[in-house]
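The following paragraphs walk through a protein model, starting from how its strands are paired and moving outward to the helices. Please keep the structure in view while reading.

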Amino acid sequence: MAQLKNHEADRFIARPDRDYTIYLVYGPDHGLVSERASALAKGSGVPLDDPFSTIRIDAASPGADPERLVNEAYTVGMFGGRRLIWLRGAGNDRALLGQIDMLLGDPPADTMIIVEAGDLKKGGLRGAVEKAPAGLAIACYTDNDRALQELIDRTFSAAGLRLELDARRFLIDHLGGDRAASRAELDKIALYALGQPTVTLSDVQAICGDASALGFDDISMAVLTGDLKALDRAVVKFESGGGAPSALLAILTRQFQALDRIRADMDMQGKNPAAAVAHARPPVFFARRQAMEQAVAIWSAPAIRAGLGRLREAVLQARQSRHLETDVLRMTLLALTVQSARRR
């Protein structure tokens, strides 16, 4: 099956294989989908500013020609040379799937087709591209800690800047829900700190303002410590600010993973909560240490693993039913906070 895992995609895109005709770039991280599709387009060798060589199509545009993709793909360029067709907003539309099947079965010569889509289930458009020799599917899921570290390192290294440890931890804890949003925040910080050797925590907070403005910190700490009143206030703040459920689920998952590591260290070494949190690696951001000490005392190792399982299930449900992701998030937050409150 021609598909790339999330962690394989960046290496491939840096040196793309041109043996495929259709490149499907899909996933819940819309910013990462856009970034990787743009990188593929730039690496195609086709001039992107030439309207005869690069054809852009919006699948969701009202009144769009339903057969334009096939017609454009089999059209011979006026001046010859390689052509690029860039389709955005694709989904499991039956008419579009029929065109994709046709192009995969009879690939047009000297034509590269990039298809941007949201989170797709197995089968449908995703299945058609994965199974065909002429197609390649590239998954784009929310950045994990490793991917975030690499993005942070690339951004600040390119600007000739070093990053203090507390500033790094702050960024890791608050970024990652959407690649485009994460990159925009990092670029702003790098520009702000230009001309100085080191980026400090105060630099990061000055640019990000209140980096928990959408309530990420407040929600995660309320869940971990079982504070139902604080959770209610934080969720209202988060939803009124237009926060993305996928971003919050990703951040909560990282918080539970961090809690799991600290609890394991506490159990194996016989440390008390304060000592376990103080010696955590990577270090816990200082503003969270008291809440994390309380949380590690509340949550046992089996309960943490069960909480991670519930979060994974919530992520899957949110991806399968995008229109229900807010409801899935609310139920998950409430269930975990009630569990924490009972254990407390």
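Two strands are taken to pair if DSSP finds at least two bridges between them. With that criterion in hand, consider this predicted model, in which Leu24 has Ala137 in β6 as its bridge partner. The bridge belongs to the pairing of strand β2 (residues 22-26) with β6, which runs in the parallel sense over 5 bridges, and within β6 Gly135 stands opposite Ile22. Strand β1 (residues 3-4) also pairs with β6 in the parallel sense, here over 2 bridges, and Leu4 is the residue that stands opposite Ile138 of β6.

These pairings belong to an open sheet of 6 strands, arranged in the order β1-β6-β2-β5-β4-β3 with parallel pairing. Its edges are formed by β1 and β3 (54-58), each of which pairs on one side only. In general, the strands of a sheet pair through backbone hydrogen bonds, either parallel or antiparallel.

How many residues of strand β6 are buried? For strand β6 (residues 135-139) the count is 5 of the 5 residues, so the strand is largely enclosed by the rest of the structure. The cover extends to both faces, since Gly135, Ala137 and Ala139 on one side are buried, as are Leu136 and Ile138 on the other.

Helices supply contacts to this sheet. Helix α5 (residues 124-131) lies across β1, β2, β4, β5 and β6 and runs at about 140° to β2. Helix α2 packs on the sheet as well, touching β2, β4 (83-90), β5 (111-117) and β6, and its direction makes about 175° with that of β5.

Besides touching the sheet, helix α2 (residues 30-42) packs against helix α8 (residues 179-192) at an angle of about 80°, with the two axes 5 Å apart. Angles of 65 to 115 degrees count as roughly perpendicular, and α2 and α8 are therefore roughly perpendicular to each other. In this contact Gly31, Leu32 and Glu35 of α2 meet Arg179, Ala180 and Arg183 of α8, a set of residues that divides into 2 nonpolar, 1 polar and 3 charged.

Turning to the whole chain, the protein contains 16 helices and 8 strands, and its C-alpha trace spans about 70 × 45 × 40 Å along the principal axes. Buried residues make up 49% of its 344 residues, while the protein exposes about 16500 Å², of which carbon and sulfur atoms supply 52%. Among contacts with a separation of 6 or more, 77% are between residues 24 or more positions apart.

Definitions and conventions. Residues numbered from 1 in each chain as written. Predicted model: local features only at pLDDT ≥ 70, side-chain atom pairs only at ≥ 80, totals over all residues. Heavy atoms only, no water. Axes fitted to C-alpha atoms, helices over the stretch in contact; angles between N-to-C directions. Helix = DSSP H or I, 4+ residues; strand = E, 2+ residues; numbered from the N terminus. Parallel < 35°, antiparallel > 145°, perpendicular 65-115°, else oblique. Contact = heavy atoms within 4.5 Å. Nonpolar A, V, L, I, M, F, W, Y, C, P; charged D, E, K, R; others polar. Buried < 20%, exposed > 50% of the residue type's maximum accessible area, 1.4 Å probe, protein only. Areas by Shrake-Rupley, 256 points an atom, 1.4 Å probe, with all protein chains shown as cover.
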